[in-house]
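Here's a quick briefing to read with the structure open. It goes through sheets, salt bridges, cysteines and a bit of surface.

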Amino acid sequence: AIGSQFACESAIEVLKEVACADVSFNQDSLNQIARCICSRWSQMVNDDIDVSDKKVGIEAYGCTLVAYVQTPKFWLALQIGDGRFVMLNRRRYFRQPIKEDEKCVCGYTTSMCDTNAASEFRFAFGLKRSIPKAVFLCSDGIDGTFGRGGNLYAFYWNILKCLREDGIDAVKR
């Protein structure tokens, strides 16, 4: 849980910087984003190990991460490990623009604690004209429950329907 918290905090910090910068996305800039997230995460983990005097290695903090940022000019999604990023495009079709990680099989997943974690990130991005109508980021638990296609999309349609009919406060509750 602590590793996941640190991954989220690191991603939020870096993606806020990306959102405020004039970034053109290419493989080098995407790799730099991943390296920054991993560096901040590692520093937080090492600080926690030092402060708490825990007798564990960085592997004990291993976790996956799915994150998304959107500005008026672009959107960016990134992922390491399992879980899923799904977007509803302007034509109201669900898409999964981040390719699956071929290393995530039989309960094994890539992780923030991997030696080359930054190289294991996968990305999707687009400009203003492709900003999605809705995005869904889910853990492997949702993925495992509903699958990767029709049942998952039906679940997300149901969430959208509840938002429209009941409002965001009711859905949050």
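Two strands count as paired if DSSP finds at least two bridges between them. By that yardstick, strand 1 and strand 2 (residues 74-80) are a pair, running antiparallel and joined by six bridges. Keep in mind that this is a predicted model.

**The 1-2-5 sheet**

- Three strands make up an open sheet here, in the order 1-2-5, and the pairing is antiparallel.
- Its edge strands are strand 1 (65-70) and strand 5 (122-127), each of which pairs on one side only.
- Ignoring direction, neighbouring strands of this sheet are turned by 5° against each other on average.
- Strand 1 and strand 2 form a hairpin, with three residues between them.
- For a concrete contact between those two, look at V69, whose bridge partner in strand 2 is L76.
- On the other side of the sheet order, strand 2 pairs with strand 5 in the antiparallel sense, over six bridges.
- One partnership to pick out there is F74 with L127, the latter sitting in strand 5.

**Strand 2 up close**

- How many of the residues of strand 2 are buried? Seven of the seven are, so strand 2 is largely enclosed by the rest of the structure.
- The side chains split into two sets: F74, L76, L78 and I80 point one way from strand 2, while W75, A77 and Q79 point the other way.
- Both sets are buried, the residues pointing one way as well as those pointing the other.

**The 4-3-6 sheet**

- There's another open sheet of three strands, with the order 4-3-6 and antiparallel pairing.
- Strand 4 (94-95) and strand 6 (134-138) are the edge strands, and each pairs on one side only.
- Strand 3 (residues 84-88) pairs with strand 4 over two bridges, in the antiparallel sense.
- If you want a residue pair to click on, L88 has F94 in strand 4 as its bridge partner.

**Salt bridges**

- Side chains of opposite charge can pair when their charged atoms come close.
- Searching the whole structure turns up five salt bridges.
- Which residues are linked in a network of salt bridges? They are E13, E17 and R40.
- Within that network, the side chains of R40 and E13 meet at 3.1 Å, N to O. This pair links distant parts of the chain, with R40 in helix 2 (residues 27-52) and E13 in helix 1 (residues 2-20), 27 residues apart.
- R40 also forms a salt bridge with E17, where the closest N and O atoms are 2.8 Å apart. Again distant parts of the chain are linked: E17 belongs to helix 1 and R40 to helix 2, and they are 23 residues apart.
- As for accessibility in the network, R40 counts as partly exposed at 25% relative accessibility. E13 is partly exposed at 37%, and E17 is partly exposed with a relative accessible area of 45%.
- E100 and R84 meet in another of the salt bridges, at 4.0 Å, N to O. This pair spans distant parts of the chain too: E100 is in the loop between strand 4 and strand 5, R84 is in strand 3, and 16 residues separate them.
- Is each partner buried or partly exposed? E100 counts as partly exposed, at 42% relative accessibility, whereas R84 counts as buried, at 6%.

**Cysteines**

- The cut-off to hold in mind is that a disulfide is a pair of cysteine sulfur atoms within 2.5 Å. The count by this rule is zero disulfides.
- Why is C38 not bonded to C36? The closest cysteine sulfur to that of C38 is the one in C36, but it is 9.5 Å away, too far for a bond.
- C63 tells a similar story, because its closest cysteine sulfur, in C8, is 7.6 Å away and too far for a bond.
- C38 counts as buried at 9% relative accessibility, and C63 counts as buried at 7%.

**A surface patch**

- L163, I168 and V171 form a nonpolar patch on the surface, and together they have about 230 Å² of accessible area.
- L163 is found in helix 4 (residues 150-166). At 32% relative accessibility, L163 counts as partly exposed.

How values were computed. Residues numbered from 1 in each chain as written. Predicted model: local features only at pLDDT ≥ 70, side-chain atom pairs only at ≥ 80, totals over all residues. Heavy atoms only, no water. Patch = residues over 30% accessible without salt bridge, like charges linked within 9 Å, V, L, I, M, F, W, Y side chains within 5 Å. Areas by Shrake-Rupley, 256 points an atom, 1.4 Å probe, with all protein chains shown as cover. Helix = DSSP H or I, 4+ residues; strand = E, 2+ residues; numbered from the N terminus. Buried < 20%, exposed > 50% of the residue type's maximum accessible area, 1.4 Å probe, protein only. Axes fitted to C-alpha atoms, helices over the stretch in contact; angles between N-to-C directions.
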